[in-house]
Amino acid sequence: MKLELGFGKTIQTAELPDRNILKVLTPSFVPPCPSPEEEIRRALRQPVASRPLASIVAPGEKIAVITSDITRPMPSKLVLPILLEELGRAGIPRSDVTVVFALGSHRPHTEAEKEQIAGSEVYHSVACVDSTAEGFVRMGVTASGTPVDIAAPVARADRRICLGNIEYHYFAGYSGGAKAIMPGVSTREAIQQNHRHMIEAGASAGNLDGNPVRSDLEEALGFCPCDFLLNVVLDERKQVAFAVAGDAIEAHREGCRMLDRMYRVPIERKADLVIVSPGGYPKDINLYQAQKALDNARGAVREGGMIILSASCAEGLGEKTFENWLLTMPTPRSMIERIKTDFQLGGHKAAAIALAMEQAELCLVSDLAPDFVSRLHFNPFPDLQAAVDHAFEVFGPGLSCIVMPFGQTVLPKAKD
């Protein structure tokens, strides 16, 4: 079989016998949504485990609508006008609505970026603010010690409506749902405390039950409730495939099941070798972005196996703390031990890579210099074929292989 995997704005190719390939993992086909707008309206009309939005809000109440920042693919420009129409029918004027962009630990937006996210009509008719703009209010502390420090416009609101898109998250299980509150509109201190749980059992992509990160962030809703949720699931073209609305927990779970039908792919068994690509530009623009595909690949490789990550990383590593950890820590184990006592955002992704390194040999096909790649604790290769040839040298002619051309979106599910 000839493999062609996205690599920057080009491709990487390699050949290996068909008999060695257990499976090529691709998303399940879902017919295109004929009208994203109507799908969003349908979700609003059919809320999950919740009264309709119009019977939750009341005239005179101040409404905070929390939506994603510019780094996320959430189609706020599409969703916000429809949501504001629904609020208008319930007697809520736009002057009583504030759109809050959930920055988490990310940088503030420019005004042009705010307008880009919300759309010109919404931006010029509704107050649109960053979550970091007006300070924070402590609303409680979770059982594990995470401070529920919430952006002031959200904390002061009478009602809170949370928007977001649902995709796999490498330690919170899934994005969306309560993540709009924690970490979305929380302080860096709160985010770091919550994310400390990422190295604990159960903190993995596609897992909700017994996930300590997810449990902690959903506990925050007890102090800062989400009164209504509206989440979307996007297809490979980043278009709305499904929408779900209603209760912050139950509606989110329904959205996660939708995502699983599209992107969770069963495998008979884990392989000696997993060949994974994030899918090319911009998903492999740097290693910080490409890490997500690597983490998903862990679900398909056996202990002691090998993962070949094919990612251009034309812009390098992508984040300063991440870079510092990878380049200064002497071993993968040292990164894992450090994250337990010195949690740092950026360092958490280095620790996630270190966990993968303890499971399998990691090979990197990239545009980075080989000596530099070696310093990152990866085995560097100039092209995909050279990396595949290395795998055959290690495992012999009978090696088993799983290929993941869309590693950032597809999640392997091995049989128990």
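**View 1. Ser186 and its contacts in the predicted model.** Beyond its neighbours within four places in sequence, Ser186 is in contact with Gly104, Phe136, Asp149, Ile150, Ile181 and Ile191. The model shown here, as in every view, is predicted. Ser186 is found in the loop that runs between β11 (173-174) and α6 (188-195). Its relative accessible area is 2%. Ser186 therefore counts as buried, the cut-off being under 20%. A polar atom of the Ser186 side chain lies 2.8 Å from the backbone oxygen of Ile181.

**View 2. The mixed sheet, β6-β5-β4-β9-β12-β13.** This open sheet has 6 strands, in the order given in the title, and its pairing is mixed. β6 (127-130) and β13 (240-246) stand at the edges. Each has a single partner strand, so one side of each lacks a neighbour in the sheet. From one strand to the next, the twist averages 20°. At the β6 edge, strand β5 (residues 97-102) runs parallel to β6 and is joined to it by 4 bridges. Within this pair, Val99 stands opposite Cys128 of β6. Toward the other edge, helix α1 (residues 36-45) lies across β12 (228-234) and β13. The helix runs at about 20° to β13.

**View 3. The parallel sheet, β3-β19-β15-β16-β17-β18.** Here 6 strands form an open sheet with parallel pairing. The edge strands are β3 and β18 (379-381), and each pairs on one side only. The twist averages 20° from one strand to the next. At the β18 edge, strand β17 (residues 360-365) pairs with β18 in the parallel sense over 3 bridges. Val365 has Phe381 of β18 as its bridge partner. Helix α9 (residues 287-297) packs on the sheet and touches β15, β16 (301-310), β17 and β19. The direction of α9 makes about 145° with that of β16. Helix α14 (residues 384-395) also packs on this sheet, touching β15, β16, β17 and β18. Its direction makes about 165° with that of β16.

**View 4. Strand β19 between β3 and β15.** In β19 (residues 401-404), Cys401 and Val403 point one way, whereas Ile402 and Met404 point the other way. All four are buried. In a regular strand, side chains alternate between the two faces of the sheet. Strand β3 (residues 21-24) runs parallel to β19, with 3 bridges joining the two. Strand β15 (residues 271-276) also pairs with β19 in the parallel sense, over 4 bridges. Val403 of β19 makes a handy landmark. Val24 stands opposite Val403, and so does Ile275.

**View 5. Helix α14 and its buried face.** The helix has 12 residues and reaches 17 Å from its first C-alpha to its last. That is close to the 16 Å expected at 1.5 Å a residue. Its buried residues are Leu384, Ala387, Val388, His390 and Ala391. Seen down the helix axis, they fall within an arc of 155°, so they line one face of α14. Elements covering these residues include β1 (2-7), β2 (10-15), β15, β16, β17 and β18. At the start of α14, a side-chain oxygen of Asp383 reaches to within 3.2 Å of the backbone nitrogen of Gln385. Just after the helix, Gly396 takes a positive phi of about 85°.

Note on methods: Residues numbered from 1 in each chain as written. Predicted model: local features only at pLDDT ≥ 70, side-chain atom pairs only at ≥ 80, totals over all residues. Heavy atoms only, no water. Buried < 20%, exposed > 50% of the residue type's maximum accessible area, 1.4 Å probe, protein only. Pairing = 2+ DSSP bridges. Polar contact = N/O pair within 3.5 Å; in protein donor to acceptor, adjacent residues only side chain to side chain. Contact = heavy atoms within 4.5 Å. Axes fitted to C-alpha atoms, helices over the stretch in contact; angles between N-to-C directions. Expected span 1.5 Å × (residues − 1). Arc of directions from axis to C-beta.
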